[in-house]
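Me: Hey, can you walk me through the charged pairs in this one? I'm new to this, so keep it simple.

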Amino acid sequence: MGSNIGIYNLHMQAMGGGEKLTLVLAEHLSLSHHVSLFCAEPIDITSLEKFFDVDLSRVTVRALNGLGPFSRVIAKVPGVRGPASTLQHYLQLKDLNLDLFINNSYASGLKCPAPRGIFMCMFPHTRPRLLSPGIQQHSGGSSSKNTIDSYPSIVAISEYSADWTRQMWEREAEVIYPPCDAMGPPNQKRKVILHVGRFIADRDEDGRHHKGQRLLLEIFNQMTDLHKEGWKLHLVGSAGTDKYSADFANTLRRTAENFPVHFHINAPRDELRDLFRSASIYWHGTGYGFDAGRYPSKQEHFGISTVEAMTAGAVPVVYGSGGQKEIVTNEIDGLYWENIDGLLMQTRRLANDPTLSARLANAAVLSSKRFSREAFTARIDQLIAKLLS
């Protein structure tokens, strides 16, 4: 039955879009191949299956071992700046004789441990040199260029990411949009503005991809005219497990006191679907405040939650940059904003014009069908058949 395929993601606890892609990919490929999912630590498979609506019963989930004696020695070598676990993982994976290796771990420095490989690129990262030249050829870590060049195929999740992959890595990437679920059909719409995104601390120095909840909350708090008309803001997302993210979520809650704002942290799937179906407006603000030319990685790389909102007829009002421009066409199936005044104006347009809102909502549902799970798996099957032929 099929080939031996390994899928690698060290960030499963984040439970974000990249993790969803990993699990949908593992589920689908396990129908025809022997699939192993490699993680940094043991994971709660049942919770992930329920949260992402996947069946992992045919997937072997393996937590890779920590540092071995050789890795501990390498970690002490001058010039080694990357995690020694990268080398340890490479040595373990190399011994498994995989037919195909798919690296879907963001900012990974792991060289391909199989004869065929796919690097799933959320956005091209830059890394310091991992190993000194004298030991590079023996290792699973390398410079960014050597790492990327060890993968025969690069897959970007959007044309936006593919363009920057071309600029930063000098590699062509095949664009395969991530799998998005149909959250509809639309229900009776209520005066609800919805935002979905991970609650992680918005510290610039930690390099993570933030969703801008603080900004959106502060803007909504200003819209007292909508409050009086019964509009509410619902913020949904998984919570980071670190102290900074916990503090961030608590700060947001305090900021929302005495305002019509509701939090749904780690909400079950059924609750999330109900919110999508009843929401009239979907807000997305990732990238605002950062010049797209100077800080391209801080823009939205794609935007699964925007698509899923569209499937349920919630009109997207999005910061018009990055991958969002591939999902939403301004004034056709959603609205763009470029500054705070623009977000206020576009939101009030929808709140006060039911005809406009209905037209955009209907168009959003139709447009969203381009990004289904079926479209994703069909493209993946084509690529893998070509690589394994």
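**Salt bridges around a buried arginine**

Reply: Let's start with Arg 269, which counts as buried because its relative accessibility is 14%, under the 20% cut-off. Keep in mind that this is a predicted model.

Me: OK, and what does Asp 181 form a salt bridge with?
Reply: Asp 181 pairs with Arg 269, and their closest N and O atoms are 2.6 Å apart. Asp 181 sits in the loop between β7 and β8 while Arg 269 is in helix α11, so this pair ties together parts 88 residues apart in sequence.

Me: Is Asp 181 buried or exposed?
Reply: Buried, because its relative accessibility is 6%.

Me: Which salt bridge does Lys 20 form?
Reply: Lys 20 forms one with Asp 181, with the closest N and O atoms 2.9 Å apart. Lys 20 belongs to helix α1 (residues 17-29), so here the parts tied together are 161 residues apart in sequence. Lys 20 is buried too, just like Asp 181.

Me: And how far apart are the closest N and O atoms of Arg 269 and Asp 53?
Reply: Those are 4.0 Å apart, and the two form a salt bridge. Asp 53 lies in the loop between α2 (45-52) and β3 (59-63), so with Arg 269 in helix α11 the pair links parts 216 residues apart in sequence. Asp 53 is partly exposed, at 45% relative accessible area.

Me: Switching topic: how many salt bridges are there?
Reply: The count comes to 15.

Key: Residues numbered from 1 in each chain as written. Predicted model: local features only at pLDDT ≥ 70, side-chain atom pairs only at ≥ 80, totals over all residues. Heavy atoms only, no water. Salt bridge = Lys/Arg side-chain N within 4 Å of Asp/Glu carboxyl O. Helix = DSSP H or I, 4+ residues; strand = E, 2+ residues; numbered from the N terminus. Buried < 20%, exposed > 50% of the residue type's maximum accessible area, 1.4 Å probe, protein only.
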